[in-house]
Every structure is written in C-alpha cells, then in structure tokens.
Amino acid sequence: SDTSTIRKMQSSDKAEPRFVAICACTYRRPEGLAALLAGLARQRFAAERKPALHVVIADNEGSGEVRRICERFRGETGIPLTYVHEPQRGISYARNACLDSLPPDCEVFAFIDDDEVPDQDWLQRLLEAQRRTGADVVQGPVVPVFEADAPRWLVDGGFLRWPRRNWRGTRPEFVEDQELPEAYTNNVLVRRAAIAGLSLRFDPDFALAGGGDSHFFQALHAAGSRIVYAPGAIVRETVPAERATLWYRMRLEYRIAISPLKAKAR
C-alpha cells in the first residue's frame with residue numbers, strides 16, 4: 001500500500017540499532033544452552049553495522065552447570081552476559097526476569113529458545129528488517145532439526161516448524177516484511193521503546209501452560225505496534241526423540257488451542 005511504502009522510505013534513513021540484548025530462558029537444558037551460546041558467538045555482521053551485544057540468560061532451575069556455561073561464554077567471547085536465577089517456576093516468570101535484566105541503554109532486544117541455534121546471519125537479518133521497515137517487532141522462522149530415525153510424516157509434514165502446518169494440512173507462507181498480528185519468543189526482535197510505558201508483562205496465567213508469548217505480542221499489536229516477518233532470520237530447533245511423536249504433537253496442538261481460551265477467560 002502507499003502507506004507502507006512511505007513507512008519504508010521514512011525508515012530507510014534510520015540508524016541501525018547499536019546496542020542489542022539477546023534473551024533466552026533455560027530450564028534443564030545445559031547442552032542446548034551451550035549450543036545456543038556457541039551460535040551467538042558465531043554471529044556475523046557487516047563491519048560498519050556491527051552492534052554491541054549483551055546476552056541475558058534467565059535460569060528457571062538455578063543450575064550450577066548453567067552458571068559455569070555462562071561464565072565460560074563470557075570469558076571466551078568477551079560478550080557481556082547477565083545470568084539471573086528465576087526461582088518461580090514457569091516460562092512467564094523467566095521471560096519477565098529477562099525483561100527486568102535488560103541493560104538500561106539497550107535499544108532492541110531479541111528472544112530465542114534454549115533448544116535453538118541461530119544461523120550466522122540471524123541477528124543481522126532481524127536488524128536489517130527492523131531498519132528497513134521501521135517495525136516495532138520482527139519475527140523470524142524456526143526450522144526443526146530431527147534425529148535420523150524421526151518419523152517421516154513428522155519430518156515431511158512441517159508440523160514443528162514455524163510458520164507451522166496445522167491439522168488441516170495448511171501452513172501460511174509469509175513473505176518478506178509481511179505484517180503479522182502476533183509473534184513468539186522462539187525467534188523475535190523487539191524495539192524496546194515499543195513496550196516502554198505500557199507496563200506490559202508476560203502473564204503468569206500462562207506460566208506452565210504456554211501461549212503467553214503470543215498473548216504478550218497480541219497485546220503489543222493491539223496497542224499499535226507493527227509486527228513484520230523476516231524469512232531470512234533463521235534459527236534451527238533441535239527436536240529430541242521424545243518430542244518426535246504423535247503424542248507430543250497432540251499435546252502441543254491442544255496447548256495451542258486452549259491458549260486463546262485462557263486469554264478470553266481473564
């Protein structure tokens with residue numbers, strides 16, 4: 001549309017955000033966290049646009065091993081890392097601990113999961129999309145990585161990737177910079193100014209059931225924030241054998257289905 005074209009033209013002169021916080025919540029996945037941090041250390045940027053990075057890890061267990069992994073990352077890479085133990089069990093509490101631990105002068109922050117590894121240009125692609133569109137939120141795709149003996153119907157079906165296929169066999173095919181009504185913390189970049197003054201938090205009602213991230217970003221969208229899609233900002237999610245089953249798929253679909261019902265019941 002003419003309006004979106006004008007927005008893109010206006011945003012093209014905006015400076016690339018220079019200070020980025022990367023947030024991840026972790027719970028009993030030390031190996032996954034180590035792989036994630038290794039992926040963050042491998043991020044590559046155009047020399048003239050390399051941002052300052054700060055990693056925030058919210059540990060929902062309080063693991064000594066996770067602390068050591070974080071300390072090793074900090075020592076080997078020189079990238080600042082804030083470790084915070086969130087004792088209240090539930091993903092909402094851990095996500096809010098990340099928000100509370102953001103460096104005061106970071107301009108944008110990203111969320112990624114502790115069972116994902118980003119491609120080397122992941123963050124660069126998210127930042128480019130934000131700069132190009134002027135959007136408040138940028139969502140990237142999630143590509144599952146299965147073990148060799150995973151069921152073919154699950155591997156070929158696209159059920160565990162994002163955008164994901166539903167039981168009806170359809171999956172939305174979003175194009176670059178397409179505007180979306182919601183986003184998820186599995187691969188997202190957020191302009192910090194967009195949440196300033198909104199008192200927006202991840203709802204504890206979703207702490208153990210899941211779905212609180214979509215609720216958070218739906219509220220942000222309803223407040224006027226724009227969410228766009230960046231198909232080139234790829235993260236790859238490890239799918240262990242216990243999740244490569246029909247039973248897990250059914251439980252996941254049920255959890256997704258009841259999330260909006262929980263939101264409406266509030």
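## Strand S9 and its partners

In this predicted model, Val138 has Leu189 as its bridge partner in strand S9. The two strands involved, S6 and S9, run antiparallel and are joined by 3 bridges. S9 also pairs with strand S4, which covers residues 108-112. That pairing is antiparallel as well and runs over 5 bridges. One of the bridge partners here is Asn187 of S9, which is matched with Ile112.

How much of S9 is covered? Of its 5 residues, 4 are buried, and the strand is described as mostly covered.

## Leu189 in the strand

Leu189 belongs to S9, which spans residues 187-191. Is Leu189 buried or exposed? Its relative accessibility is 1%, so Leu189 counts as buried; the cut-off for buried is under 20%.

Leaving aside residues up to four places away in sequence, Leu189 touches a list of residues that includes Val20, Val108, Phe109 and Ala110. Leu123, Leu126, Leu127 and Gln130 are also among its contacts, and these four are among the buried residues of helix H5. Asp136, Val137 and Val138 are further contacts of Leu189. Asp136 lies 53 residues from Leu189 in sequence, yet their C-alpha atoms are 8.2 Å apart in space.

## Helix H5

H5 contains 12 residues. From its first C-alpha to its last it reaches 17 Å, close to the 16 Å expected at 1.5 Å a residue. After the helix comes Gly134, which has a positive phi near 70°.

Which residues of H5 are buried? They are Trp122, Leu123, Gln124, Leu126, Leu127, Ala129, Gln130 and Thr133. Arg125 is not in that group: with 35% relative accessibility, it counts as partly exposed. Arg132 is also partly exposed, at 30% relative accessibility.

## Helix H8

Helix H8 covers residues 212-222. Its buried residues are Gly212, Asp213, Ser214, Phe216, Phe217 and Leu220. Several elements cover these buried residues, including helix H4 (91-100), strand S6 (137-139) and S9. Helix H7 (192-195) and strand S10 (227-229) are also included in the cover. S9 therefore appears in two settings: it pairs with S4, and it helps cover the buried residues of H8. Just after H8, Gly224 takes a positive phi of about 110°.

## Salt bridges

Side chains of opposite charge can pair when their charged atoms come close. How many salt bridges does the structure hold? The count is 14.

One of them joins Asp121 to Arg125, with the closest N and O atoms 3.2 Å apart. Asp121 counts as partly exposed, at 28% relative accessibility. Another joins the side chains of Glu176 and Arg132, at 3.4 Å from N to O. This pair links distant parts of the chain, since the two residues are 44 residues apart. Glu176 sits in the loop between helix H6 and strand S8, while Arg132 sits in H5. Glu176 counts as partly exposed, with 48% relative accessibility.

A third example lies within a helix. Arg152 and Asp156 form a salt bridge whose closest N and O atoms are 2.9 Å apart. An α-helix has 3.6 residues a turn, so residues three or four places apart point the same way. Both Arg152 and Asp156 lie in H6, 4 residues apart, which is about one turn of the helix. Arg152 is exposed, with a relative accessible area of 52%, and Asp156 is exposed with a relative accessible area of 52%. Elsewhere, salt bridges that share partners join Arg29, Asp114, Asp115, Glu237 and Arg243 into one network.

## Cysteines without a disulfide

How many disulfides are there? The count comes to 0. Why do Cys25 and Cys98 not form one? The sulfur of Cys25 has its closest cysteine sulfur in Cys98, at 4.0 Å, which is too far for a bond. A disulfide needs the two sulfur atoms to be within 2.5 Å.

Both cysteines are covered. Cys25 counts as buried, at 14% relative accessibility, and Cys98 is buried with a relative accessible area of 0%.

Notes
Residues are numbered from 1 along each chain as its sequence is written. This is a predicted model: local features need pLDDT of at least 70, side-chain atom pairs count only at pLDDT 80 or more; totals for chains, interfaces and linings use all residues. Side-chain values use heavy atoms; hydrogens and water are left out. A salt bridge is a side-chain nitrogen of Lys or Arg within 4 Å of a carboxyl oxygen of Asp or Glu. Buried means under 20% relative accessible area, exposed over 50%, partly exposed in between (1.4 Å probe, protein chains only). Contact means heavy atoms within 4.5 Å. The expected span of a helix is 1.5 Å times one less than its number of residues. Two strands pair if DSSP finds at least two bridges between them.
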